[in-house]
Amino acid sequence: MAVVQPKIGQPGVQAPSYADKGGIVSWLTTTDHKKIGIMYIVSAFVFFLIGGIEALLMRVQLSVPNNTFLTADVYNQLVTMHGTTMIFLFVMPMNVGLANYIVPLMLGARDMAFPRLNALSIWCFMLGGLMLYVSFVAGGAPNVGWFAYAPLTQKIYAPTHGVDYWIWGLLLTGVASIAGAVNFIVTILNMRAPGMTLNRMPLFAWMTLIVAFILIWAFPTLTVAQFQLYFDRNWGTGFYVTERGGDAVLWMHLFWFFGHPEVYILILPTMGIVSEVLPTYSRKPIFGYAFVAYSGVAIGFLGFLVWVHHMFAVGIGPLANAFFSAASFLVAIPTGVKIFNWIATLWGGSIQLTTSMKFALAFISMFIIGGISGITLASPPINLQQTDSYYVVAHFHYVLFGGAVLGIFSGLYYWFPKISGRMLSERLGNWNFWTLLIGFNLTFFPMHIAGTDGMPRRVYTWESGMGWELWNMLETVGAFLTAASVLLFMWNVIVSLRAGQRAPNDPWDGSSLEWATSSPPPVYNFASLPVVHSRRPLWDTKYPELNHDEEDTDPQPPADAHAGHGDHIHLPSPTYAPLIVSIGVAVLAFAAIYTPLIAPIGLVIMGVGIVIWVRSNHKDAPVVSH
Amino acid sequence: MGAHEGRPSTYDREYIQSMSETTTTPAARPHYDSTAGTSMRVDNRKLGMWAFIGSETLFFATLIATYLIYAPVNAARPDFQDPKEFLDIELTTVLASLLLASSLTMVLSLAALRNGNRRRFVGWLVATLALGLGFLGGQAYEFSHLYHEGLTLESSLLGSTFFVLTGFHGTHVAIGLTWLTAVLIKIIRYPNGLENEMDLELGGLYWHFVDLVWVVILTFVYLL
Amino acid sequence: MATHTEPAPAHAEEVHASHGTRFYWVVGAILAVATAIEVGTFIAYQENMIPKFLEAIVLLILTFLKGSGVVLFFMHLQGDRPPYWFMFLAPLGLAVTLVMLMNLIVHSFVGIAG
């Protein structure tokens, strides 16, 4: 195909490294998706460590029967914060951070659709996370579980401000999430490079898009439930107050109507990562691209219809239980479709067992295990045995840690060279991988057994003589091994940032557009906009002789088809506005917890930020001219 | 909000415009095509606004669901308060009319801006703000009246669900008024901004949505 | 997709084929009349002139019509491109499902004893 292609690559401009970019001000005022992505990734990882420490403390307490290492209340705070942190402050923002950095590059865009809104998201997220943790020193962290079941969350049973911090910290991060999701929807739908139809888009972009839709439609229910709880605790309403006619089960319905789609928000991006990693290291295109893409849509849709499977033991009734059980079995099908397509991708490929690839392969196997325990849980009669036991803890850790976390590590090893300009050590990576895999399985596999043997969950001590001693001790040992592995990963990162091999543009011979830029990319991403003719635009450019059968053929492009290169590349200027608005919102949140008197301060700060924001519309500075 | 946010970069527009015949529309003003170079030929900000409206739909749906779920529970309790007794249909009809009228004036304001008629644009937008303020004032009066009658946040499930649902709606009205006022000021100050029409349209979409929610609330809370 | 010459109407999607202002007045009048009928129906039921189910049906239909009027004509969804329709209709469907399903399940609660 003799088509004149623009040279995808950089003009002779030296890509600025982030070490050159001036100081903290440039980070506080940035609207660049790459900087914002890095901030998301780093802060998410910090929360991962904190959540991990919370887990270790719990595992110490649970290592032997009737332990006195932690009091019940401290344990309850830790278990609540561990879940809240890992879900809202680690996996979600880590996914968003990777997507923020990579997806615009994959799409051939210069930035997200709304760069300043993007900045608002990162600041609201950070402030929300900080707010959640301030609770520890402000009377006590929330101690009601990450699911905050009523009526335990009422003021009489949870008298500290902990639950209010849980509400408002998550409302703040919720603002970040919804704004970010709107940003991704518009970016992915409307800012793809010419020629990149939805059917040619990388699967990581597909999953990010699906997740964004799930998010904007699932979060509002949580928001309403949280407001209702806040009003119960502080304004005298009776939404979940049993004596006033309030229904604790309604809380469960509203929470899980959000909570189940939430778990697909957690896992789908990592499935997207795996769908990128596997083809690259198999030197083969993904098998069944359309099936992988549309099964994601199916999962997103069905995911809204299964929430009662978190409530089989509540007494909803056999008819309702049967419906939701059937739907829960059904949602396993599109998941299975993905897995078979991944396996088919590997089949016959030229496999390169990099660290990233190992994590992706482990993702598949560990997620299958988690999926199988999920299948048993989807059957109400079996569920009645397993619910509230450690079997459930095993299930969701296999899908969330064995799935999402391993997928995240795969993505980190895959894209670290692009983001940092350095290669991670494969030797250290190998040690990291095996210790993490072994540690994780040692921690969570015995939980299947202990749970089936009757060990309840959500308890801070357990009785001796029930046959659980060996499993709990193994789990604690495994937890510390996992922690050591994470330290090893951090060591890999530190050593590689300092002295790792410099990364070329395209260390893995990838097929998507992020690999067409330098590592790290210049601030403007692409000098010339790429024109896309297939699902593997970079392989088209690098290997034009490979005759890939195209699923969709282009009409002959116009003779002078070339990506225009403008005289100026406009990027939004840095601004403090998003940070200021976020601070205003955070002040409002504190006003809601402590006193309405400071609410006007929050509103004024927000107002100032918004005025600056609207004014900065007219101040876009050209960055590069050629 | 903003001129350059979301607008594809210059090179996109140049490429697309070099390929297409751009005809000028018969409008009195030079037309700014904010969909140039986009993948779906839609405006980024408008697409984002509709996505946000979709999210708000779920928000109000959950509030309405809670109201409907607790209505029969309320009815079966000793502290039962009957909405039909407390809620005054006359005031409610006036309020609903104010809000519907404000939607009409909103769309007239946008049409006037598009036609280049600045005086009418300002006039209809100010009318929208006035009608909206009237709604809020009426709502505040209704709330205080209900409190005097004994329907409070704490008095029954009706109090809880009614005030939270309509309170959130009122808050959205207030935000909408603030937003539209800001747009009014901005367009007056920067009358030649290319993005003014979209700014007004976006504010208008939010405003109409708030009216739409009231259409539903009127039926499910006050009437049925 | 290679871009060919775009005829004016296709690329001018953001310039609405203008409804004249009179059109908006007509829609506004219809909405006002619908509201009046709604209130009238409500009063008719209160005065025991019509049964409950009739009141409910009429109100639901009118609500739907009023809502459609606002969305299609004031928010200009009519004539807008498909992505906008999806952004509104998909969550609307989910919202209606949520309200109905929640109501159904909560009010059919039987308790763990079955």
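Helices here are DSSP runs of at least four residues, and strands are runs of at least two. With that in hand, let's work through this predicted model.

**Exercise 1. Describe the fold of chain B: how many helices and strands does chain B have?**

Step 1: Counting the elements of chain B gives 7 helices and 0 strands.

Step 2: Following the sequence of chain B, you can write the pattern as α-α-α-α-α-α-α.

Step 3: Now look at burial. Of the 224 residues in chain B, 62% are buried. The area that chain B exposes is about 7900 Å², with 62% of it supplied by carbon and sulfur atoms.

**Exercise 2. Work out how chain C and chain B meet: how many residues does the contact take from each chain?**

Step 1: The contact takes 56 residues from chain B and 48 residues from chain C.

Step 2: Together the two chains bury about 4800 Å², and 76% of that lies on carbon and sulfur atoms.

Step 3: Next, find the charged link. There is 1 salt bridge between chain C and chain B. Asp80(C) pairs with Lys46(B), at 3.2 Å from N to O. This counts as a salt bridge because the cut-off is within 4 Å.

Step 4: Add the polar contacts: 8 residue pairs across the interface of chain C and chain B.

**Exercise 3. Find which helix gives the largest share of the side of chain C that touches chain B.**

Step 1: List the helices of chain C that each supply at least two residues: α1 (8-11), α2 (21-46), α3 (52-74) and α4 (82-107).

Step 2: The largest share, 14 residues, comes from α4(C).

Step 3: Sort the residues on this side of chain C: 27 are nonpolar, 12 polar and 9 charged.

Note on methods:
Residues numbered from 1 in each chain as written. Chains lettered and ligands numbered in written order. Predicted model: local features only at pLDDT ≥ 70, side-chain atom pairs only at ≥ 80, totals over all residues. Heavy atoms only, no water. Contact = heavy atoms within 4.5 Å. Buried area = accessible area lost by both parts, 1.4 Å probe. Salt bridge = Lys/Arg side-chain N within 4 Å of Asp/Glu carboxyl O. Polar contact = N/O pair within 3.5 Å; in protein donor to acceptor, adjacent residues only side chain to side chain. Nonpolar A, V, L, I, M, F, W, Y, C, P; charged D, E, K, R; others polar. Buried < 20%, exposed > 50% of the residue type's maximum accessible area, 1.4 Å probe, protein only. Areas by Shrake-Rupley, 256 points an atom, 1.4 Å probe, with all protein chains shown as cover.
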